[in-house]
Amino acid sequence: MRGLHADTGYLLYRLGLRSGQLFNTFLQESGLRLRHYAVLRYLAGSEGALQRELSAQLGYDPSAIVGLVDDLEKLGMTERRPSPDDRRSKTVVLTDTGRSFLRGTDEAGRRVTNDLLAPLDPAERDTLQALLLRIADQP
């Protein structure tokens, strides 16, 4: 029988847990969690997104997205605007407050990543990033 550390899926799971713990610790003061941060980061790279797009792109349940956007909206970091394509839908956009929050987290986010990847040299980090992107981009 193989040991757990021979199972790549398990190792990825453990790494995900550790990464989430580190990011949540760093976000604790703000009252946000990694899921909120992911929504903000996604919106920072777009002109806004429908909630169903956020759900699909981030892999979160649609009902979870509603709650996350509600939380972020209460903090003034996002707002819902009428969709130009469908007046029944709302587009979620990042506000100046949300952008400012993200700018303030850039250095801390780099520190978390550096802590997580400390055993790897720069070339190994680049290779890991490329491999993870290739896997993550699969349908």
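How many aromatic pairs does a search of the whole structure find? The search finds four of them, and they make a convenient starting point for a tour of this model, which is a predicted one.

**Aromatic pairs in helix α1**

One of these pairs is formed by Tyr-10 and Tyr-13, whose geometry is tilted, with 6.4 Å from centre to centre and 40° between the planes. The two tyrosines are separated by about one helical turn because they stand three residues apart in helix α1. Tyr-10 has a relative accessible area of 22%, so this residue counts as partly exposed.

A pair with another geometry is that of Phe-23 and Phe-26, where the ring centres are 5.8 Å apart and the planes stand at 70°, which makes the pair edge-to-face. These two phenylalanines also lie in helix α1, and they too are three residues apart, about one turn of the helix. Are Phe-23 and Phe-26 buried or partly exposed? Phe-23 is buried, since its relative accessible area is 12%, whereas Phe-26, with a value of 21%, is partly exposed; the dividing value here is 20%. The ring pairs go beyond these two residues, for they link Phe-23, Phe-26 and Tyr-37 into a cluster.

**The nonpolar core**

From the rings we can turn to the interior. The largest nonpolar core contains 22 residues, and those that touch the most other members are Val-39, Leu-40, Leu-43, Leu-54, Ile-65 and Phe-101. Two or more residues of this core come from each of the helices α1 (8-27), α2 (34-44), α4 (62-74) and α5 (96-116), and also from the strand β3 (90-94). Which element gives the largest share of this core? That element is α2, with five residues.

Leu-40 offers a good view of how such a core residue is surrounded. When residues up to four places away in sequence are not counted, Leu-40 touches Leu-32, Leu-72, Met-77, Thr-78, Leu-94, Phe-101 and Leu-102.

**A nonpolar patch on the surface**

Nonpolar side chains are found on the outside as well, where Leu-12, Leu-15, Leu-132 and Ile-135 form a surface patch with about 320 Å² of accessible area together. The elements that give two or more residues to the patch are α1 and α6 (122-136). Ile-135 belongs to helix α6, and this isoleucine counts as exposed because its relative accessibility is 55%.

**Two residues seen more closely**

Val-66 is placed in helix α4 and is partly exposed, its relative accessible area being 33%. Apart from its neighbours within four places in sequence, Val-66 is in contact with Gln-51 and Arg-80. Along the chain, Val-66 and Leu-54 are twelve residues apart, and their C-alpha atoms are separated by 9.8 Å.

Ser-89 sits in the loop between β2 (78-82) and β3. Is Ser-89 buried or exposed? Ser-89 has a relative accessible area of 11% and is therefore buried. With residues up to four places away in sequence left out, Ser-89 touches Leu-50, Arg-52, Arg-81, Pro-82 and Ser-83.

**Salt bridges**

The structure holds seven salt bridges, and the table lists some of them with the distance between the closest N and O atoms.

| Acidic residue | Basic residue | N to O distance |
|---|---|---|
| Glu-73 | Arg-80 | 2.5 Å |
| Asp-96 | Arg-99 | 3.6 Å |
| Glu-107 | Arg-110 | 3.3 Å |

In helix α5, Asp-96 and Arg-99 are three residues apart, about one turn of the helix. Asp-96 counts as exposed because its relative accessibility is 61%, while Arg-99, at 37%, counts as partly exposed. Glu-107 and Arg-110 are likewise three residues apart in helix α5, so about one helical turn separates them. Both partners are partly exposed, Glu-107 with a relative accessible area of 42% and Arg-110 with one of 47%.

Elsewhere, salt bridges that share partners join Asp-70, Glu-73 and Arg-80 into one network. Within this network, Glu-73 is partly exposed at 29% relative accessibility, and Arg-80 is partly exposed at 24%. Arg-80, which is joined to Glu-73 by a salt bridge, is also one of the residues in contact with Val-66.

Technical notes:
Residues are numbered from 1 along each chain as its sequence is written. This is a predicted model: local features need pLDDT of at least 70, side-chain atom pairs count only at pLDDT 80 or more; totals for chains, interfaces and linings use all residues. Side-chain values use heavy atoms; hydrogens and water are left out. A nonpolar core is a set of buried Ala, Val, Leu, Ile, Met, Phe, Trp, Tyr and Cys residues joined through side-chain atoms within 4.5 Å. Buried means under 20% relative accessible area, exposed over 50%, partly exposed in between (1.4 Å probe, protein chains only). Helices (H or I, at least four residues) and strands (E, at least two) are DSSP runs, numbered from the N terminus. Contact means heavy atoms within 4.5 Å. Patches are made of residues with over 30% relative accessible area and no salt bridge: like charges are joined within 9 Å, nonpolar side chains (Val, Leu, Ile, Met, Phe, Trp, Tyr) within 5 Å. Accessible areas come from the Shrake-Rupley method with a 1.4 Å probe; for residues, only the protein chains shown count as cover. A salt bridge is a side-chain nitrogen of Lys or Arg within 4 Å of a carboxyl oxygen of Asp or Glu. Rings of Phe, Tyr and Trp (its six-membered ring) pair if their centres lie within 6.5 Å; planes under 30 degrees apart count as stacked, over 60 as edge-to-face and the rest as tilted.
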